[in-house]
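Trainee: I have a model open and would like to check how some of its labels are earned. Could we go through a few of them together?

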Amino acid sequence: MKNQYNKTITACFIAYIVQAIVNNFVPLLFLTFQRQYQIPLTQITLLVTFNFGVQLCVDLLSVGFVDRIGYRASMILAHLFSAAGLALLTILPELFSSPFTGILIAVMVYAIGGGLLEVLVSPVVEACPSDHKEKAMSMLHSFYCWGHVGVVLLSTLFFKIFGISNWKILALLWAIVPFCNTFAFRKIPLSSPIEEGETGLTIKDLFCMKLFWVLLVMMICAGASEQAVSQWASTFAEKGLGISKAAGDLAGPMAFAVFMGISRSFYGKYGDRIHPDRFMIGSCLLCIFSYLGISLLPLPQLSLISCALCGLSVGIMWPGTFSKAAAALPKGGTALFALLALGGDVGCSGGPTVVGIVSGMLGENLKAGIFAAILFPVLLLAGIIFCNNIARNRK
């Protein structure tokens, strides 16, 4: 029975690579858009905010229709939207008098797909028969990291060989990945996260539960702990080491993503030998120490090493919180995963914002901003301990 779901899990792994493509490919083209379409940089930077803003809306709205149309139809739609958005990116800028409008529409289309994937993929994997769901969830989320690394490296290699002017060809090549995975989801077996004959909790039900709010805060802190450093790692590398933007991206965010992927892959392989709560608590402590290293160590090389260690420490936070929530609230269903995805996205945008605001208030002192963000792993650690106490009381 379980072997039948191996294809399902593999398709979900590819789905997270799709999400990495839609989130990380277009930012590589920002300067190209600026030169080719004469779009001001102030407008181009809005594309990232718009992308995640649409995904936040989809996270919330998905509660109303995913259960009605089913997980299979929703997953197919997610992949089709992702593929269509990447393909439209090559067409729409020339069809509008303002190329930025065309790019914005294409981003909106693939952002709908990305938002749906964020809500759907984790509960689909969680519903697959498995003795160690935490392992599967961690391995699943590692594929986002490896997808991120692959998008940057393969795109850089393509541009080096064929030239940045052929970016539209690469966009169509990346669109093939979600398009092909659509056919996989038409045939693979899918289990509902809610057992047959039962109904999932509603948003109102969840809002009345203290445990849900703790889990939601944990999810926000998981996203914030991850992105507070990831979004600023390139700046650390450029300013501290005096290297180029391209080298800074490789030494900063790329190293962060690699170490985060290593952490998730490690737990995905050996998680059955490690208690999940101990691994999460150890990760929170390592995250706190890495934040201290980034903000307090005097040598920029040591700060950069601390950035990489931070990637290692945050790897389990997002998938670990998902698994913890699914185990604690087994009837949570689509509403639970959608709201957790929403909380994670809020954290992903809020963490870097806190760092930026504090840094600006203290004279562009980025280290002070990172030090202030230490609040997020501390709160996550407190949430884990609180959930464990509730579990003990129930027993």
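Trainee: What makes α16 count as mostly covered?

Mentor: Happy to help, and keep in mind that this is a predicted model. In α16, 10 of the 12 residues are buried. Among them are Met 317, Trp 318, Phe 322 and Ala 326.

Trainee: How do you know whether the span of α16 fits its number of residues?

Mentor: Helix α16 runs over residues 317–328 and reaches 16 Å from its first C-alpha to its last. At 1.5 Å a residue, 16 Å is expected, so the span is close to that value.

Trainee: Why is Thr 182 called buried?

Mentor: Thr 182, which is found in helix α9, has a relative accessible area of 5%. Buried means under 20%, so Thr 182 earns the label. Leaving aside neighbours within four places in sequence, Thr 182 is in contact with Ile 76, His 79 and Leu 80.

Trainee: And why is Cys 180 called partly exposed?

Mentor: Its relative accessible area is 44%. That lies between the 20% limit for buried and the 50% limit for exposed, so Cys 180 is partly exposed.

Trainee: How do you know that Cys 221 is in no disulfide?

Mentor: The nearest cysteine sulfur, that of Cys 284, is 9.1 Å away. A disulfide needs the sulfur atoms within 2.5 Å, so Cys 221 is in none. By this rule the count for the model comes to 0 disulfides.

Trainee: Which label does Cys 221 get for its accessibility, buried or exposed?

Mentor: Cys 221 is buried, because its relative accessible area is 2% and the cut-off is under 20%.

Definitions and conventions: Residues numbered from 1 in each chain as written. Predicted model: local features only at pLDDT ≥ 70, side-chain atom pairs only at ≥ 80, totals over all residues. Heavy atoms only, no water. Helix = DSSP H or I, 4+ residues; strand = E, 2+ residues; numbered from the N terminus. Buried < 20%, exposed > 50% of the residue type's maximum accessible area, 1.4 Å probe, protein only. Contact = heavy atoms within 4.5 Å.
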